[in-house]
Amino acid sequence: MTWKLPPQSSFTFGKHSEAELAGFEFPVHPKLQAVTRLALAISGCDFGIHDGVRTVAEGEANFVAGTSRTHHSKHQDGLAVDAVPWSNGKMSWRPDHCFQVAVAHQLASRFLRIPIIWGGAWDRMLAELVGTPKIAHQAYVERFERANPGTKALVDLVHFQLVLP
Ligand SMILES: [Zn+2]
(Lines give C-alpha, C1' and ligand atoms only; values in the text may rest on other atoms or scores of the structure.)
Protein backbone atom coordinates (compact mmCIF):
# COMPACT_ATOMS: atom_id res chain seq x y z
CA MET A 1 0.00 0.00 0.00
CA THR A 2 1.32 3.46 -0.81
CA TRP A 3 0.59 6.53 1.25
CA LYS A 4 0.06 9.86 -0.39
CA LEU A 5 1.76 12.79 1.29
CA PRO A 6 0.16 16.23 1.29
CA PRO A 7 2.01 19.24 -0.21
CA GLN A 8 5.09 20.35 1.64
CA SER A 9 4.65 22.95 4.36
CA SER A 10 6.99 25.90 4.87
CA PHE A 11 7.43 25.14 8.59
CA THR A 12 10.91 24.65 10.03
CA PHE A 13 12.04 23.89 13.57
CA GLY A 14 13.32 26.85 15.59
CA LYS A 15 16.34 26.93 17.89
CA HIS A 16 14.52 25.54 20.91
CA SER A 17 13.14 22.57 18.97
CA GLU A 18 16.54 21.79 17.45
CA ALA A 19 18.14 21.95 20.90
CA GLU A 20 15.52 19.53 22.26
CA LEU A 21 16.21 17.13 19.37
CA ALA A 22 19.98 17.43 19.85
CA GLY A 23 19.66 16.68 23.57
CA PHE A 24 22.23 17.39 26.26
CA GLU A 25 24.13 14.10 26.50
CA PHE A 26 22.67 12.31 23.46
CA PRO A 27 20.14 13.18 20.74
CA VAL A 28 16.59 11.99 20.16
CA HIS A 29 16.78 8.66 18.27
CA PRO A 30 17.43 9.32 14.54
CA LYS A 31 14.40 7.27 13.47
CA LEU A 32 12.07 9.35 15.64
CA GLN A 33 13.76 12.53 14.38
CA ALA A 34 13.09 11.36 10.81
CA VAL A 35 9.38 10.89 11.56
CA THR A 36 8.89 14.22 13.33
CA ARG A 37 10.95 16.13 10.72
CA LEU A 38 8.92 14.66 7.84
CA ALA A 39 5.75 15.35 9.85
CA LEU A 40 6.69 19.04 10.12
CA ALA A 41 7.38 19.21 6.37
CA ILE A 42 3.84 17.99 5.57
CA SER A 43 1.88 19.26 8.60
CA GLY A 44 -1.16 21.45 8.21
CA CYS A 45 -0.36 22.95 11.63
CA ASP A 46 3.04 24.30 12.71
CA PHE A 47 4.52 22.66 15.80
CA GLY A 48 7.65 22.76 17.96
CA ILE A 49 9.48 20.16 20.03
CA HIS A 50 8.67 21.16 23.59
CA ASP A 51 10.36 18.19 25.18
CA GLY A 52 12.88 15.89 23.57
CA VAL A 53 15.51 14.22 25.70
CA ARG A 54 14.59 14.65 29.34
CA THR A 55 16.96 14.31 32.28
CA VAL A 56 16.29 11.91 35.15
CA ALA A 57 15.49 14.88 37.41
CA GLU A 58 12.92 16.28 34.94
CA GLY A 59 11.35 12.82 34.64
CA GLU A 60 11.02 12.52 38.41
CA ALA A 61 9.50 16.00 38.67
CA ASN A 62 6.84 15.03 36.13
CA PHE A 63 6.08 11.80 37.98
CA VAL A 64 5.67 13.70 41.25
CA ALA A 65 3.50 16.33 39.51
CA GLY A 66 1.31 13.54 38.13
CA THR A 67 1.88 14.39 34.46
CA SER A 68 3.65 11.05 34.01
CA ARG A 69 2.73 7.64 35.39
CA THR A 70 6.16 6.12 34.94
CA HIS A 71 9.34 6.82 36.86
CA HIS A 72 11.44 6.17 33.78
CA SER A 73 9.94 7.95 30.79
CA LYS A 74 10.82 7.22 27.17
CA HIS A 75 11.99 10.84 27.05
CA GLN A 76 14.95 9.94 29.25
CA ASP A 77 16.10 7.42 26.63
CA GLY A 78 15.69 9.79 23.66
CA LEU A 79 12.79 7.69 22.40
CA ALA A 80 9.98 10.26 22.73
CA VAL A 81 9.15 13.82 21.72
CA ASP A 82 6.39 16.18 22.70
CA ALA A 83 5.33 17.93 19.48
CA VAL A 84 3.29 20.95 20.56
CA PRO A 85 1.26 22.96 18.02
CA TRP A 86 1.91 26.65 17.46
CA SER A 87 -1.08 28.94 17.32
CA ASN A 88 -0.73 32.73 16.93
CA GLY A 89 2.88 32.63 18.10
CA LYS A 90 2.13 30.59 21.23
CA MET A 91 2.33 26.90 22.01
CA SER A 92 -1.16 25.43 22.06
CA TRP A 93 -2.35 22.18 23.61
CA ARG A 94 -5.80 22.58 22.00
CA PRO A 95 -7.02 19.15 20.91
CA ASP A 96 -8.03 20.24 17.40
CA HIS A 97 -4.50 21.54 16.80
CA CYS A 98 -2.96 18.40 18.36
CA PHE A 99 -5.04 16.18 16.06
CA GLN A 100 -3.59 17.95 13.00
CA VAL A 101 -0.06 17.34 14.29
CA ALA A 102 -0.99 13.69 14.95
CA VAL A 103 -2.25 13.31 11.35
CA ALA A 104 1.13 14.55 10.07
CA HIS A 105 3.02 12.10 12.31
CA GLN A 106 0.70 9.29 11.23
CA LEU A 107 1.41 9.92 7.53
CA ALA A 108 5.15 10.26 8.20
CA SER A 109 5.21 7.03 10.23
CA ARG A 110 3.40 5.15 7.45
CA PHE A 111 5.54 6.61 4.68
CA LEU A 112 8.87 5.91 6.43
CA ARG A 113 7.62 2.60 7.90
CA ILE A 114 8.91 3.60 11.30
CA PRO A 115 6.42 2.51 13.98
CA ILE A 116 5.53 5.04 16.66
CA ILE A 117 2.95 5.27 19.42
CA TRP A 118 0.94 8.43 20.06
CA GLY A 119 -0.20 9.54 23.52
CA GLY A 120 -3.76 9.91 22.23
CA ALA A 121 -4.18 6.14 21.75
CA TRP A 122 -1.49 4.26 23.65
CA ASP A 123 -2.57 0.70 22.83
CA ARG A 124 -2.10 0.79 19.04
CA MET A 125 0.58 1.86 16.54
CA LEU A 126 -0.20 5.35 15.20
CA ALA A 127 0.18 4.08 11.62
CA GLU A 128 -2.45 1.40 12.26
CA LEU A 129 -5.16 3.56 13.84
CA VAL A 130 -8.47 3.32 12.06
CA GLY A 131 -10.15 6.58 11.09
CA THR A 132 -8.74 10.00 11.88
CA PRO A 133 -6.56 10.41 14.98
CA LYS A 134 -9.48 12.26 16.62
CA ILE A 135 -11.87 9.33 16.11
CA ALA A 136 -9.18 6.80 17.06
CA HIS A 137 -8.45 8.80 20.22
CA GLN A 138 -12.10 8.83 21.28
CA ALA A 139 -12.29 5.07 20.64
CA TYR A 140 -9.16 4.56 22.78
CA VAL A 141 -10.59 6.48 25.73
CA GLU A 142 -13.80 4.42 25.58
CA ARG A 143 -11.83 1.17 25.32
CA PHE A 144 -9.58 2.07 28.24
CA GLU A 145 -12.38 3.23 30.53
CA ARG A 146 -14.45 0.11 29.78
CA ALA A 147 -11.46 -2.11 30.64
CA ASN A 148 -10.46 -0.05 33.70
CA PRO A 149 -13.67 1.10 35.40
CA GLY A 150 -13.10 4.13 37.62
CA THR A 151 -9.70 4.98 36.09
CA LYS A 152 -9.41 7.90 33.72
CA ALA A 153 -7.40 7.22 30.57
CA LEU A 154 -4.03 8.98 30.63
CA VAL A 155 -4.02 11.16 27.55
CA ASP A 156 -1.05 13.06 26.15
CA LEU A 157 -2.00 14.38 22.72
CA VAL A 158 1.42 15.91 22.03
CA HIS A 159 3.47 12.78 22.90
CA PHE A 160 5.02 10.54 20.22
CA GLN A 161 7.34 7.66 21.02
CA LEU A 162 9.44 5.31 18.93
CA VAL A 163 8.73 1.58 18.97
CA LEU A 164 11.97 -0.38 18.73
CA PRO A 165 11.88 -3.89 17.23
ZN1 LIG B 1 5.97 13.16 26.22
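Two strands pair if DSSP finds at least two bridges between them. Helices and strands themselves are DSSP runs numbered from the N terminus, with H or I over at least four residues for a helix and E over at least two for a strand. With that in hand, look at strand 1 and strand 2: they run antiparallel and are joined by 4 bridges. Phe47, for instance, has Pro85 in strand 2 as its bridge partner.

A word on what you're looking at. This is a predicted model, where local features need pLDDT of at least 70, side-chain atom pairs count only at pLDDT 80 or more, and totals for chains, interfaces and linings use all residues. Residues are numbered from 1 along each chain as its sequence is written.

Now the overall layout. The chain has 5 helices and 5 strands, and from the N terminus on they come in the order α-α-β-α-β-β-α-β-α-β. Of its 165 residues, 36% count as buried, meaning that 20 or more other C-beta atoms lie within 10 Å of a residue's own; 12 or fewer makes a residue exposed, anything in between partly exposed, and the C-beta atoms are placed from the backbone. As for contacts, two residues make one if their C-beta atoms, placed from the backbone, lie within 7 Å. Among contacts between residues at least 6 apart in sequence, 68% join residues at least 24 apart.

Back to the strands. Strand 2 is largely enclosed by the rest of the structure, since 6 of its 8 residues are buried. Besides strand 1, strand 2 pairs with strand 5 in the antiparallel sense over 3 bridges, and here Val81 stands opposite Phe160. Strand 5 also pairs with strand 4, again antiparallel and over 3 bridges, with Gln161 in strand 5 as the bridge partner of Ile117. In a regular strand the side chains alternate between the two faces of the sheet. On strand 5 both faces are covered: His159 and Gln161 are buried on one side, Phe160 and Leu162 on the other.

Strand 2 has one more partner, strand 3, to which 2 antiparallel bridges join it; Ser87 stands opposite Lys90 there. The hairpin of these two strands has 2 residues between the strands, and Asn88 takes a positive phi near 50 degrees in it. Most residues other than glycine have a negative phi. Asn88 counts as exposed because it has 5 C-beta neighbours inside 10 Å.

Helix 4 is next. At 1.5 Å a residue, its 18 residues (95-112) should span 26 Å, and the end C-alpha atoms are 25 Å apart, which agrees; the expected span is 1.5 Å times one less than the number of residues. Buried residues in helix 4 include His97, Val101, His105 and Leu107. The buried residues of helix 4 pack against helix 2 (30-42), strand 1 (47-51), strand 2 (80-87), strand 4 (116-118), helix 5 (133-147) and strand 5 (159-162). Just after the helix comes Arg113, with a positive phi near 55 degrees. Arg113 sits in the loop between helix 4 and strand 4 and counts as exposed because it has 8 C-beta neighbours inside 10 Å.

Much of this comes together in the largest nonpolar core. By a nonpolar core I mean a set of buried Ala, Val, Leu, Ile, Met, Phe, Trp, Tyr and Cys residues joined through C-beta atoms within 7 Å. Of the 34 residues in the largest one, Val81, Ala83, Val101, Ile116 and Trp118 touch the most other members. Helix 2, strand 1, strand 2, helix 4, strand 4, helix 5 and strand 5 each supply at least two residues of this core, and helix 4 gives the most, with 7 residues. Zoom in on Ala83: not counting residues up to four places away in sequence, Ala83 touches Thr36, Phe47, Ile49, Val101, His105, Val158 and Phe160.

Two more residues are worth clicking on. Asp51, in strand 1, is partly exposed because 17 other C-beta atoms lie within 10 Å. Leaving aside neighbours within four places in sequence, Asp51 is in contact with Glu20, His75, Val81 and Asp82. His29 lies in the loop between helix 1 (15-22) and helix 2, and with 21 C-beta neighbours inside 10 Å it counts as buried. The C-alpha atoms of His29 and Ala80 are separated by 8.3 Å, although their positions lie 51 residues apart along the chain in sequence terms.
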